[in-house]
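Let's walk through this model together, beginning with a single strand and working outward to the way two chains meet. Keep the viewer open as you read.

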Number of protein chains: 6
Amino acid sequence: MGKFVCFGEIMARLNPPGYLRLVQTQQLEITYAGGEANVAVSLANFGKNAVFVTRLPDNDLTKAAMRRLRGFGVDISRIAIGGDRMGIYFVEKGASQRASKVLYDRKYSAIAQAQPSDFDWDGIFEETEWFHFTGITPALSDNAAQICLEACKKAKEKGIVVSCDLNYRNKLWTGSKAGTVMGELMEYVDVAIANEEDCEKVFGIKASGTDVTGGMLSKEGYGEVARTLAERFSIPTVAITLRGSISANDNHWAGMLYQKEKCYFSREYLIHIVDRVGGGDSFGGGLIYALSSGFEPQKAIDFAVAASCLKHTVEFDFNEVTIEETEKLMNGDGSGRVQR
Amino acid sequence: MGKFVCFGEIMARLNPPGYLRLVQTQQLEITYAGGEANVAVSLANFGKNAVFVTRLPDNDLTKAAMRRLRGFGVDISRIAIGGDRMGIYFVEKGASQRASKVLYDRKYSAIAQAQPSDFDWDGIFEETEWFHFTGITPALSDNAAQICLEACKKAKEKGIVVSCDLNYRNKLWTGSKAGTVMGELMEYVDVAIANEEDCEKVFGIKASGTDVTGGMLSKEGYGEVARTLAERFSIPTVAITLRGSISANDNHWAGMLYQKEKCYFSREYLIHIVDRVGGGDSFGGGLIYALSSGFEPQKAIDFAVAASCLKHTVEFDFNEVTIEETEKLMNGDGSGRVQR
Amino acid sequence: MGKFVCFGEIMARLNPPGYLRLVQTQQLEITYAGGEANVAVSLANFGKNAVFVTRLPDNDLTKAAMRRLRGFGVDISRIAIGGDRMGIYFVEKGASQRASKVLYDRKYSAIAQAQPSDFDWDGIFEETEWFHFTGITPALSDNAAQICLEACKKAKEKGIVVSCDLNYRNKLWTGSKAGTVMGELMEYVDVAIANEEDCEKVFGIKASGTDVTGGMLSKEGYGEVARTLAERFSIPTVAITLRGSISANDNHWAGMLYQKEKCYFSREYLIHIVDRVGGGDSFGGGLIYALSSGFEPQKAIDFAVAASCLKHTVEFDFNEVTIEETEKLMNGDGSGRVQR
Amino acid sequence: MGKFVCFGEIMARLNPPGYLRLVQTQQLEITYAGGEANVAVSLANFGKNAVFVTRLPDNDLTKAAMRRLRGFGVDISRIAIGGDRMGIYFVEKGASQRASKVLYDRKYSAIAQAQPSDFDWDGIFEETEWFHFTGITPALSDNAAQICLEACKKAKEKGIVVSCDLNYRNKLWTGSKAGTVMGELMEYVDVAIANEEDCEKVFGIKASGTDVTGGMLSKEGYGEVARTLAERFSIPTVAITLRGSISANDNHWAGMLYQKEKCYFSREYLIHIVDRVGGGDSFGGGLIYALSSGFEPQKAIDFAVAASCLKHTVEFDFNEVTIEETEKLMNGDGSGRVQR
Amino acid sequence: MGKFVCFGEIMARLNPPGYLRLVQTQQLEITYAGGEANVAVSLANFGKNAVFVTRLPDNDLTKAAMRRLRGFGVDISRIAIGGDRMGIYFVEKGASQRASKVLYDRKYSAIAQAQPSDFDWDGIFEETEWFHFTGITPALSDNAAQICLEACKKAKEKGIVVSCDLNYRNKLWTGSKAGTVMGELMEYVDVAIANEEDCEKVFGIKASGTDVTGGMLSKEGYGEVARTLAERFSIPTVAITLRGSISANDNHWAGMLYQKEKCYFSREYLIHIVDRVGGGDSFGGGLIYALSSGFEPQKAIDFAVAASCLKHTVEFDFNEVTIEETEKLMNGDGSGRVQR
Amino acid sequence: MGKFVCFGEIMARLNPPGYLRLVQTQQLEITYAGGEANVAVSLANFGKNAVFVTRLPDNDLTKAAMRRLRGFGVDISRIAIGGDRMGIYFVEKGASQRASKVLYDRKYSAIAQAQPSDFDWDGIFEETEWFHFTGITPALSDNAAQICLEACKKAKEKGIVVSCDLNYRNKLWTGSKAGTVMGELMEYVDVAIANEEDCEKVFGIKASGTDVTGGMLSKEGYGEVARTLAERFSIPTVAITLRGSISANDNHWAGMLYQKEKCYFSREYLIHIVDRVGGGDSFGGGLIYALSSGFEPQKAIDFAVAASCLKHTVEFDFNEVTIEETEKLMNGDGSGRVQR
């Protein structure tokens, strides 16, 4: 089994306990997470040889983050050490009509200030089967975008599968800059992942007849979006997550896989949320696991959606669920009955 | 901009963490709150010059309560110091069919034992635009009722707008005593606020066709109630909150404003509750902000209901939300999607 | 009033706070509970002279468990001291599609290793009115099953009412072994309690037309099950709890009492769950209280179901509710409105 | 074995966690304690039939306090129910040069407002061997003092041993009033307990050559004090605790027993304090246990001082130590080596 | 009474609970503090009109920090809003031989990136009596140093007293750069404060015969240091704190004031530490209060040292003590006896 | 660099927060630790290739324990999976005269019930440089002792250095049985580690003139003990830890290394303890690191004692300190001054 290399940022995630707002709290919970790190942990939890690549400063936060990743079995030996600071983000958990709120303090982070010379992609990619990144990484800085591009090119050369989750963040860059940068990167991508807003904000591809704030999902619209994306960039596999937000506590959640001009839809779950940050990443982790394990398309999307459904019931970003739990849900038992 | 003077009691609020019952817990969370203090904090959060007037003993609980209020920008310079104790209340958060439970230990509090001479209303009301109190204050003691009456008369003399939230508490007095005392005070009131039970319990004015425990609200009935109240006491503006209690976790919430023989109804929200104590006060705070800022009646009731809807998602009594968050909800986005 | 003797195991219950998974947590909450201890506490809370009989080692966990029981007024003077260890169980609270998970570490516990000579049933049963045990106790070990049988025989001799909650645990024994052992014990039982799975797993008695994971309940089917059980073992009173699991957070909950060929159904509650462990035991406690207090069958089942509905809103196994709260719910106010 | 009746107040004790000051904290720890309740718990922990008598209002705090006491095996059946409120006290744990600080909110408590008719001393004193109260109880109100006097007279009539801990609290009354009231009560006392300040503040009996704030203790001076007290009120047994306060963290602690004109001094311990509230009460509990168990004077004072030394290492007021632990320390092992 | 303007940085302070190391913890306590903000809070607690001036970004951390400061009565109206981030520092509390450890994440903070034009010193200094800053502020950036210099010049012009705590931080700049920058600023300083290392590291002025790690203090040496500093920069008043570090838990603490060629030494305290971060700042706050209130030199140094001694017993940076507590200690009661 | 294989038990360690006693607490902190696991973590923290070998059941506690170990970089691939349960121990932190107390619930653990066939020592010992076990492992069961013996023999065959910490636990076996079993194992040991009680309890070798409970250490006595042990079993290197217990909070701590008839004594530290469980293991970890890195005897014992001194300031069993921190202390800075 080859390695699964995930490249991006890991940050300290600080959140008040429960539903407290940041301005109220005297306590914070600290974990370490980030879009690509979350995928790496999902893959490790599903038994894959995950490698996480980033740049981190030489301090105790880094030591803690690396210990957490290594605890899951993620290979941290390729992390570059240097720079001034680890990025931080603060999460306020929303409830009912009050939205969750993320405050980023990630500017000037070690990875945003990295140089291409910090990463030896030839070495990193030895015995590698899969390369994953998200649209957050190139959004961090021009250097980071440049490094992504180099990694994509190198991966392509070596025949490594490349996956990318568009993951548009409007606090990091504009849709128009994202469109330019991501457009170039998409040329190298074999598996594209997007949510209901990404395609529109980044590439102007819109799901017709969908109102995400109203909690309604249009299957046809998403099919169009996936086809357009696949065709524009010649991407063989496109996966789209479908979130219908009833409130900050209750969401509909489903996914679609587009391959060879066919759409495969998962079941739609109604989720009472524990923590939705990292939900999309757990979809990516489940999907990469499923596709790389040779699952049929329908089973692959079912696994990815079940895995990410369960993530919404787990505190913090990392998806602390097993293959068995995921398959049990995917095969139909979502009743939440006590196991004893 | 003139001052907004709120007069009443502030207590130490002690609640077990989460859903623990009082008899189970070894820990309590301590905040400081009270009907009129909650309104003062809402007004300060919305940018008004709020002043909170009460009487408190000279001890460390008072120091803590004053620090909290001052932190929000509430003017505490008019608080009278004296008396034996600060009132305390214990809150057990309910869930599903188990109701939240409040245990009052507020008898003998400094404000209940206050004398009229403790308050110099001429000084307090300098440069004042609005005076607010609730039906809790006169319920504390005959002295407190007498002080309220003096304040109302003085406010009237000076042309200050007077608002009163009926806020009937059957643990503090009987409906019949409340009717007599509040009836006299109502003569001075320009803006009356009430919930679905107050008007009936205090003045015997009942919304026909409404079953509050069943979660159903009758718009017509509330219109009648408001009109009757407005006419009986010649009150220009009457606002009524409409709560439909599905369970301790889930409530319907709406409001109505009655002005010049017209009823303005807000949207009705279905709320998954974080903490509903202080919900009514946040309505009062939102309404006073809106009316004093010159909002049209429909916008005023929409703002007050949106503000108080959000309060239900915030821990503790104070409404920790901004004008921007309130307007976003009032303008239609209640989907609770993550902001990042 | 005679004594109510409950015989079984009490364990240390360790659970992570909130919705954390066991593998994530650095903290655990510790309480002490078990099927029959939970019933004893319910009975004590409802004013009965409850006695809890078990075997525990001589250490500080035992001291803590006994202090907790005695605090509720449960008589602990008949607990046998000896053995190597107290059983422990870890509970992970589920959410939405993720089920709650119980990890038992109860093998080799003092009660599982008890000898018949550890218990003097003649002494224990002095002035006793009721004897209660559950299907968990005989599942612990052959010795424990033997002790149960002796107790049942002795109770029968003395004209003590015997109740048994089938409480099948497939982590402790097989359905087939359970069928044999429980079948023999059932001969002595006056009041049998079972949930939707027990009858099928232990005695192969199945409610036709019921899909427990789908949240749907069939009244007719449960009537058949109760009748079959009552007739097979000549049990005068059979009570069945009906749980429909929508998700780990939301359950339907109801109950049925079968007496003299008649079925009495309770109202069905939709519960937003705080902690469902101990839910069945609180039904047993409520039912024993009701039957022994001479309630009519309909009122008895209504009380038992209301009591256990409320238990689902209380943290930990013990049912911390009063007769008044239970009767208020049973008489119709499940709106969860604040009491103040 | 007869009963040991302790009469006084039990309050909710609220303290911030760790060394936080009251004005800083958002959390409080809640336990239930009071001078005489602390003695009752010590006696129950040492195997005596302790009975705690007080008056408490009918609410959930009372329910919690009673559950805690009953958990220790203290008989609560003689507690009178009635009145407005339970007393509360807030404790700020001191450190180094910053003293611990107690904020009382006990005025108007149920016991302070009790009537003599609330207590049936004939019934309470059935099969009673010992009666204990402290100088706090008569300080609560004139009624409480009157009830103490009645109890003392009744105890004397019945030949019950009466012990009293002077326990002077200058936040409750003046030394001069204390002198008058306590002087009358002392006539009935068989065992008097006092600390280094009580005798001086209440009766003007001063230990010459002692500077309590300097941490120095004068053995001779204490001998004089005890003799004077014993002779003035014809008290057969006088015990004095000797505290030398180096800082809020570190205290010297010793005791002296005076009987038949002889002084018995304990060892002096240097204690690194965990929680010193209740330290004096644990001395009283140890002493009553020792004297009533027929210990020789030297052994009695050694036991009482060892028990109370250990109390200083235990959080909250109650002395959670065993006879074995106390005897181990009293017999010389204070090295604190791990037991494993 | 004029205003006391403090200029510098306020940061989010994040520390693990208790003695946990950063790499171990899943929780952090969050407060907001900084050298000059700490002085402002001390001054406000002692009744002075403190104003805190800094630059902060427009986000919820700023809102929280401002709320905390305003709660103490500190004027926050002169804080400039702008920039990318608030500085953060992580504190690991040391114990015994393990030192406390501070991890700064303050680079790129709003105040470090401030421009001179962000501050209108003419406006800020209206009705101002005192200006305070520390050596940390000019260490943040060249811009910050430039702003300090402008403020000093403007203060001088207006006859405002200027105080500066050298506060050398070797994680922020080198001793040599500090020497140059601070040397220029010292020309404007009326009251210089320094600890045992600052003078040596910044200006090469060394206390002969002192070994700070050994816990020994040389009075003579400190006198020389103060005189040299006073003479080199023509500073009328120099204060030096003397810390002898026995271990991370136990420190000797004293201070010296040098005025008109005379040295005034305080008592030396042996402190068992709760939290020593902010200890030096609380000395500064106490000294400025004392000098500006017209205390004689001996009383001024006694007050400043007593205030800062007490700070070491208080959690977090701010000195939560009163004038009364400080004077009680300064007048000799450091025994830490309970107040009740 | 070869591997460092540590063989023994890892347990769930459950302790109440702070100084709470087990009987009081409603919360526990959970970590995973054990004598040999603690050594493995120390070695990994010092950069060695540590491997931990044990047997654990297939459940979530095992998953958590393995994640923690792997996080430190400890190789867990050789852990055998099987058995009924993981051992548990409860730790009550002592204070002053109250000793820390350990309650073991480790009987019937997977490792105690292991079979020799569970471990393939040939495979485990590939590329191994060092083998470490302690006297706890053979104390668990006869099987465990047998497995230790096999491992020792195999290690000897392969020329692997064998170290053993006597670690006598009188709750697990008698001194006499320990003497027999350990005596046989000692034949294979190259580095023996013992504390002040082990040699006496296990082999009857006593340090003359030492009173461990009195806090006094005799250097000469310890020299004799080491020499006797070395000679009796032909052990080239013997290390002895010297603990003088002043109280549960304050200990003297030192160590001695005996090699080639010479005694090397470390400095003696006076430690104010945070958590002393694991203190001895951290000495072992430091010593093995030092000896295997080729340190001279004096430097080796200095390093081991400094490392373990620091461990006493760290919560939980694992020694969370770096080589740099250890060397800083060993080279003389134990002043605990803040690093910033």
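**From one strand to two chains**

In chain D of this predicted model, strand β13 (residues 250–259) is mostly covered, with seven of its 10 residues buried. Here a residue is buried if 20 or more other C-beta atoms lie within 10 Å of its own, exposed if 12 or fewer, and partly exposed in between, the C-beta atoms being placed from the backbone. Strands (E, at least two residues) and helices (H or I, at least four) are DSSP runs, numbered from the N terminus.

Some bookkeeping helps before we go on. Residues are numbered from 1 along each chain as its sequence is written, while chains are lettered from A and ligands numbered from 1 in the order in which they are written. As the model is a prediction, local features need pLDDT of at least 70 and side-chain atom pairs count only at pLDDT 80 or more, whereas totals for chains, interfaces and linings use all residues.

Which strands does β13(D) pair with? Two strands pair if DSSP finds at least two bridges between them. Strand β12 (residues 237–245) of chain D runs antiparallel to β13(D), with nine bridges between them. Within this pair, Ile240(D) stands opposite Met256(D) of β13(D), and a hairpin with four residues between the strands connects the two.

Next come β14 and β15 of chain D. Strand β14 (residues 262–265) is antiparallel to β13(D) and joined to it by four bridges, and Cys263(D) in β14(D) is the bridge partner of Tyr258(D). The hairpin of β13(D) and β14(D) has two residues between the strands, and Lys260(D) takes a positive phi near 45° there. Strand β15 (residues 269–272) also meets β13(D) in the antiparallel sense through four bridges, with His272(D) of β15(D) as the bridge partner of Asp250(D).

Now let's look across to the neighbouring copy. The contact between chains E and D takes 20 residues from chain E and 23 residues from chain D, where residues are in contact if their C-beta atoms, placed from the backbone, lie within 7 Å. On the chain E side, β15 (269–272) and α10 (297–311) each supply at least two residues, and β15(E) gives the most, with three residues.

How are the two copies related? A turn of 120° and a shift of 0.0 Å along the axis lay chain E on chain D with an RMSD of 0.0 Å, superposed by least squares on the C-alpha atoms of residues with pLDDT of at least 70 in both. The two copies are therefore related as by a three-fold rotation axis. In chain E, the C-alpha of Gly18(E) is the nearest to that axis, 5.1 Å from it.

Key. Contact = placed C-beta atoms within 7 Å.
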